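Trainee: Got a minute to go through this model with me? I'd like to start with the charged pairs.
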Amino acid sequence: MRQTATVLAAAVLLPALLLTATACQSAPEGAAAAPAAAPAVPVDDGVPGADEEPVAPDRAAAAGAAKDAHVGDSVRVQGQAVGRHLQVVLGAFVDPAVSVEPNYAPPAGKRWVAASMSFVNVGGASYGALGRMWAYDGAGKRYPVVRTGELTTGKPLVFDSLAVGERAEGWVVFEIPENQRIVRLQYQDANMRPNSGGGFWAV
């Protein structure tokens, strides 16, 4: 009689154990969560870097450090639209940058750095807008262009449009924390995907 009861108990428990084991199995190897959607690329039709984006490290920028140009070097930038080509030169970099107005300065804890930039339209179509510019510190954090008045080193870059063969040049200014050092500058053509249609300069 005891033997029969034992057999019956085993018969009842076995399916329950099998169900528990199946529920505890992990996902098959190679299964992965769906990738996050790629961030949208904002469009900029104004002064380089004037519209600030959330500040974040640029992974591709760090990967391309070996390809950086330097002060005085010219970089050819190809835009997305057919015929859009700019020859871009970083003429000089100053740290700190100082306004000609004695009472005009960055807020406490910040300073300005500035780059003298030259843009020549060497393509077959006119430019209606420049792209964006950023300054990167050693940790990869980037800072957009800020609007200032004239500097002791020269006038700010003014750009409305650029016909074929025309040049636009002037100073662009970045506002950064006092304790940070800028190591790179980036220009990116308007309406381009990240990490294309632009150039980097080591400073």
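Mentor: Sure. Arg-111 and Asp-95 meet through their side chains in a salt bridge, 2.8 Å from N to O. A salt bridge here is a side-chain nitrogen of Lys or Arg within 4 Å of a carboxyl oxygen of Asp or Glu.

Trainee: Where do Arg-111 and Asp-95 lie?

Mentor: Arg-111 is in strand S3 and Asp-95 in the loop between S2 and S3, so the pair ties together parts 16 residues apart in sequence. Strands are DSSP runs of E, at least two residues; helices are runs of H or I, at least four; both are numbered from the N terminus.

Trainee: Is Arg-111 buried or exposed?

Mentor: Arg-111 counts as buried, at 11% relative accessibility. Asp-95 is partly exposed at 39%. Buried means under 20% relative accessible area, exposed over 50%, partly exposed in between, with a 1.4 Å probe and protein chains only.

Trainee: Before I go on, what should I know about the model?

Mentor: It is predicted: local features need pLDDT of at least 70, side-chain atom pairs count only at pLDDT 80 or more, and totals for chains, interfaces and linings use all residues. Residues are numbered from 1 along each chain as its sequence is written, and side-chain values use heavy atoms, leaving out hydrogens and water.

Trainee: OK. How many salt bridges does the count come to?

Mentor: Two. Arg-184 also forms one with Asp-68, with the closest N and O atoms 2.5 Å apart. Arg-184 lies in strand S7 and Asp-68 in the loop between helix H2 (59–63) and S1, so that pair ties together parts 116 residues apart in sequence. Arg-184 is buried at 9%, and Asp-68 is buried at 12%.

Trainee: New topic. In what order do the strands of the sheet come?

Mentor: S1-S2-S3-S6-S5-S4-S7-S8, eight strands in an open sheet with antiparallel pairing. Two strands pair if DSSP finds at least two bridges between them. The edge strands are S1 and S8 (198–202).

Trainee: How many bridges join S3 to S6?

Mentor: 11. As one pair, Ser-116 has Trp-171 in S6 as its bridge partner.

Trainee: And the core? Which residues touch the most other members?

Mentor: Leu-86, Met-117, Phe-119 and Tyr-187, in the largest nonpolar core of 27 residues. Such a core is a set of buried Ala, Val, Leu, Ile, Met, Phe, Trp, Tyr and Cys residues joined through side-chain atoms within 4.5 Å. A second, separate core has seven residues, including Trp-112 and Trp-171.
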